[in-house]
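This report describes the fold, core, aromatic pairs, salt bridges and surface of one protein chain. Please keep the sequence and the structure in view while reading.

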Amino acid sequence: MNWDAIGAVGEILGAIAVFVTLLYVAVQIRQNTKALRISSSSYINDALANLQSAIRSDADFADIWLRGCQSVVALTEIERARFSSHLLEMLNLAEYIHRLEQQDVLETHIDFVSWMALLYRDNPGIRAFLDSIETVGSQELLSRVRDPSNAKGANVFSAEFYRGASRTG
């Protein structure tokens with residue numbers, strides 16, 4: 001057998017091996033992306049449940065939250081710390097979702113940025129707090145939250161929302 005034929009067969013086998021390897025890597029990347037999406041969705045759902053639970057299960061904090069939404073100044077120092085901490089957790093979650101969406105890793109069923117924009121638009125206390133922080137998270141996220149055209153949905157932190165719900169329910 002001549003060396004040229006052996007070389008040609010070797011090149012063909014090498015090309016096949018490269019193709020199989022690339023195919024394997026593509027399948028692994030796809031599985032990894034799917035696992036990352038599932039993990040991220042689970043983290044987001046848990047974080048949202050924790051944020052809601054803080055208000056739902058603690059009447060004192062629910063009172064602080066509702067008063068803070070109207071005016072951070074009206075809160076005591078300890079209440080302001082609790083309110084601010086909760087709001088910063090919300091911002092961290094919004095930042096996490098924002099970054100995952102930028103990387104096309106995740107599409108959520110919850111438009112969290114729109115919800116944050118709604119809270120910003122309709123709640124003077126939240127607006128004052130978010131306007132006072134310039135270095136938390138990305139500037140792009142803060143501008144999206146501050147843009148009134150991004151505010152969609154019902155403001156569940158307003159007394160009007162509950163008066164309307166009691167009339168219809």
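Which side chains meet in a salt bridge at 2.8 Å, N to O? They are those of Glu-95 and Arg-99; a salt bridge here is a side-chain nitrogen of Lys or Arg within 4 Å of a carboxyl oxygen of Asp or Glu. Residues are numbered from 1 along each chain as its sequence is written, and the side-chain values use heavy atoms, with hydrogens and water left out. The model is predicted: local features need pLDDT of at least 70 and side-chain atom pairs count only at pLDDT 80 or more, while totals for chains, interfaces and linings use all residues.

**Overall architecture**

The protein has seven helices and zero strands, and its elements run α-α-α-α-α-α-α from the N terminus on. Helices (H or I, at least four residues) and strands (E, at least two) are DSSP runs, numbered from the N terminus. Of the 169 residues in the protein, 31% are buried. Buried means under 20% relative accessible area, exposed means over 50%, and partly exposed lies in between (1.4 Å probe, protein chains only). Among the contacts with a separation of 6 or more, 68% are between residues 24 or more positions apart; a contact means heavy atoms within 4.5 Å.

**Salt bridges**

Across the whole structure there are six salt bridges. Three of them are set out below.

| Salt bridge | N to O distance |
|---|---|
| Arg-67 and Glu-79 | 2.7 Å |
| Glu-95 and Arg-99 | 2.8 Å |
| Asp-122 and Arg-121 | 2.6 Å |

The partners Asp-122 and Arg-121 are both partly exposed, with relative accessible areas of 29% for Asp-122 and 38% for Arg-121. Asp-63, Arg-67 and Glu-79 are joined into one network by salt bridges that share partners.

The bridge between Arg-67 and Glu-79 links distant parts of the chain, since Arg-67 belongs to helix α2 and Glu-79 to helix α3, twelve residues apart. Arg-67 is partly exposed at 29% relative accessible area, whereas Glu-79 counts as buried at 16%. Glu-95 and Arg-99, by contrast, both lie in helix α3, four residues apart, which is about one turn of the helix. Glu-95 is buried, with 8% relative accessibility, and Arg-99 is partly exposed, with 43%.

**Aromatic pairs**

The structure contains three aromatic pairs. Rings of Phe, Tyr and Trp (its six-membered ring) pair if their centres lie within 6.5 Å; planes under 30 degrees apart count as stacked, over 60 as edge-to-face and the rest as tilted. Phe-61 and Trp-65 form a tilted pair, 6.4 Å centre to centre with 35 degrees between the planes. These two residues are four residues apart in helix α2 (residues 59-70), so about one helical turn separates them. Phe-61 is buried at 4% relative accessibility, and Trp-65 is buried at 0%.

Trp-65 also pairs with Phe-83, again tilted, at 4.9 Å centre to centre and 35 degrees between the planes. Because Trp-65 lies in helix α2 and Phe-83 in helix α3 (residues 77-102), this pair ties together parts that are 18 residues apart in sequence. Phe-83 is buried, at 0% relative accessibility. Ring pairs thus link Phe-61, Trp-65 and Phe-83 into a cluster.

**Nonpolar core**

Which residues touch the most other members of the largest nonpolar core? They are Trp-65, Phe-83, Leu-87, Met-116 and Leu-130, in a core of 34 residues. Such a core is a set of buried Ala, Val, Leu, Ile, Met, Phe, Trp, Tyr and Cys residues joined through side-chain atoms within 4.5 Å. At least two residues of this core come from each of α1, α2, α3, α4 (112-122), α5 (124-132) and α6 (139-146), and α3 gives the most, with eight residues. Leaving aside residues up to four places away in sequence, Met-116 touches Leu-87, Met-90, Leu-91, Ala-94 and Val-145. In soluble globular proteins, nonpolar side chains tend to be buried together.

**Surface**

The protein exposes about 10,800 Å², of which carbon and sulfur atoms supply 59%. Accessible areas come from the Shrake-Rupley method with a 1.4 Å probe; for residues, only the protein chains shown count as cover. Val-9, Ile-12, Leu-13, Ile-16, Phe-19, Val-20, Leu-23 and Val-27 make a nonpolar surface patch of about 770 Å². Patches are made of residues with over 30% relative accessible area and no salt bridge, with like charges joined within 9 Å and nonpolar side chains (Val, Leu, Ile, Met, Phe, Trp, Tyr) within 5 Å. Val-20 is placed in helix α1 (residues 3-56) and is partly exposed, with a relative accessible area of 47%.
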